[in-house]
Amino acid sequence: MIYLDYQATTPLAPEARAAIMPWLDEDGFANPHSPHRMGRAAKAAVEVAREQVARLLPGGGKVVFTGSATEALNLAIKGCGARVCAFSAIDHAAVIDTAKASTSAFELPVNREGLVDAAADFPADTGLVAVMQVNNEIGTIQPVGPIADRARDAGALFLCDAVQGAGKLAPPQGADMIALSAHKLYGPKGIGALWIRDGIALEPLIHGGGQEQGLRSGTLSPALCAGFGAAAALAAARMEPDAAHVEDLWRAARDVMARWMLNGSEIARWHGNLNLRLDGLDVNRLMSECRTVMFSAGSACASGSGRPSHVLRAIGLSDAQAKSSIRLGFGRYTTRDELIEACRMIDAAARAQGA
Ligand code: PLP
């Protein structure tokens, strides 16, 4: 099997796994909110992890652990009380659907390169602007700094979904809230975080025992926190070598796939995301013929809901073009040889179709 679906989820780093295990065994299982010795040890592990995650983020704020980035984004959007929320047309459903469900939603346009127009107007009464750092479908890196500045000048908060950028790029500048997910940075599934700038008050979504400073009740999992923390620390330490490895992989894959069209900007892009299309390609057939390669159809949204990709439509692709797109995602644990082998297999299967 060759795993090329790093935007859906990443493999668990061995270091993260090692950090998780002690908190699942007979000495480590205590409730981190219990005042006794075992509870205090678990709480200390949670706080170490919080600090490790915070190092991926700007100073001057706090990290609140959540069950996922989806929950973090819901907490930010619903909790800030904005009545009007502007978001980009290519943001994740966790932003778009939440904004549509709880605010008067306004969509910011993107260009054919998959970049949000930083100069686009939004309504004067906008209370929250949300733009992602790196797009999960096409990998484009958004101009979040200038957009954050414009939001601040207009008196709105700025929320950045940094799920695909965290641990790979410097944190988004000027954000008031930032959402992260452990499983996209080689940590475990089932835990995310919301970074909240000091001075910003949110209403909680989940009421109960008052954990996480009253913002997210519910017993934390020290195991998941420790895994997230270890993954974040590793990502911070390996940011440069990881990026250099991804560049090398990108060049190798682009060479093999030279005849394929790239969806989204080549330059303003995280190069661990290769979203490609070929006229006339039958992606379902390709996927069944290349069953040993784990990759995604570009036209289906990442959740696998079967909804057509709003991202490929937003960058101006026709339905036929979107349906003939695939996404190859790679990263720290992908080897050059396996990537080349997978690309050759995919390209040969496409040629055999006549595409
Ligand atoms: N935002 C982006 C850009 C994503 O890629 C994802 C996951 O696909 C999410 C949010 C949701 O993250 P989680 O799986 O932690 O809910």
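# Ligand shell and cavities

User: Which helix gives the most to the lining of the largest cavity?

Analyst: Helix α7 (residues 239–256) does, with four residues. Please keep in mind that this is a predicted model.

User: What makes this space a cavity, and how many are there?

Analyst: A cavity is a set of points where a 1.4 Å probe fits but cannot get out. With a cut-off of 30 Å³ or more, the count comes to two cavities. The largest cavity holds about 90 Å³ of space, and 14 residues line it, with G167, K168, Y186, D242 and W270 the closest to its centre.

User: Why is the largest cavity said to lie between domain 1 and domain 2?

Analyst: Domain 1 (2–7 + 239–353) and domain 2 (14–234) both give residues to its lining, so the largest cavity lies between them. By class, that lining divides into eight nonpolar, two polar and four charged residues.

User: Thanks! How do you know that the second largest cavity counts too?

Analyst: The second largest cavity has about 60 Å³ of space, and the cut-off is 30 Å³ or more, so by this rule it is counted as a cavity. Its lining is made up of Y6, Q7, V134, N135, G139, Q164, K168, W270, N273 and F330. These residues comprise four nonpolar, five polar and one charged.

User: And where does the second largest cavity lie?

Analyst: Between domain 1 (2–7 + 239–353) and domain 2 (14–234), because both give residues to its lining.

User: Let's turn to the ligand. What makes a residue part of the shell around the ligand?

Analyst: One of its heavy atoms has to lie within 4 Å of the ligand. The residues that surround the ligand are S68, A69, T70, H92, M132, N136, D161, V163, Q164, S181, H183 and K184. This shell divides into three nonpolar, seven polar and two charged residues.

User: Why is the pair between K184 and the ligand called a polar contact?

Analyst: A polar contact is a pair of N or O atoms within 3.5 Å. A polar side-chain atom of K184 lies 2.7 Å from an oxygen atom of the ligand, so the pair qualifies. For Q164, a polar side-chain atom lies 2.8 Å from a ligand oxygen atom, while A69 places a backbone N or O atom 2.8 Å from an oxygen atom of the ligand. The protein covers 89% of the 390 Å² of accessible area that the ligand has on its own.

Note on methods:
Residues numbered from 1 in each chain as written. Predicted model: local features only at pLDDT ≥ 70, side-chain atom pairs only at ≥ 80, totals over all residues. Heavy atoms only, no water. Polar contact = N/O pair within 3.5 Å; in protein donor to acceptor, adjacent residues only side chain to side chain. Areas by Shrake-Rupley, 256 points an atom, 1.4 Å probe, with all protein chains shown as cover. Nonpolar A, V, L, I, M, F, W, Y, C, P; charged D, E, K, R; others polar. 1 Å grid on protein atoms, 1.4 Å probe; cavity = no way out; pocket = protein on both sides within 12 Å on 5 of 7 lines; lining within 4 Å. Points joined across faces, edges and corners; volume = space filled by probe spheres on them. Helix = DSSP H or I, 4+ residues; strand = E, 2+ residues; numbered from the N terminus. Domains from an automatic or database assignment.
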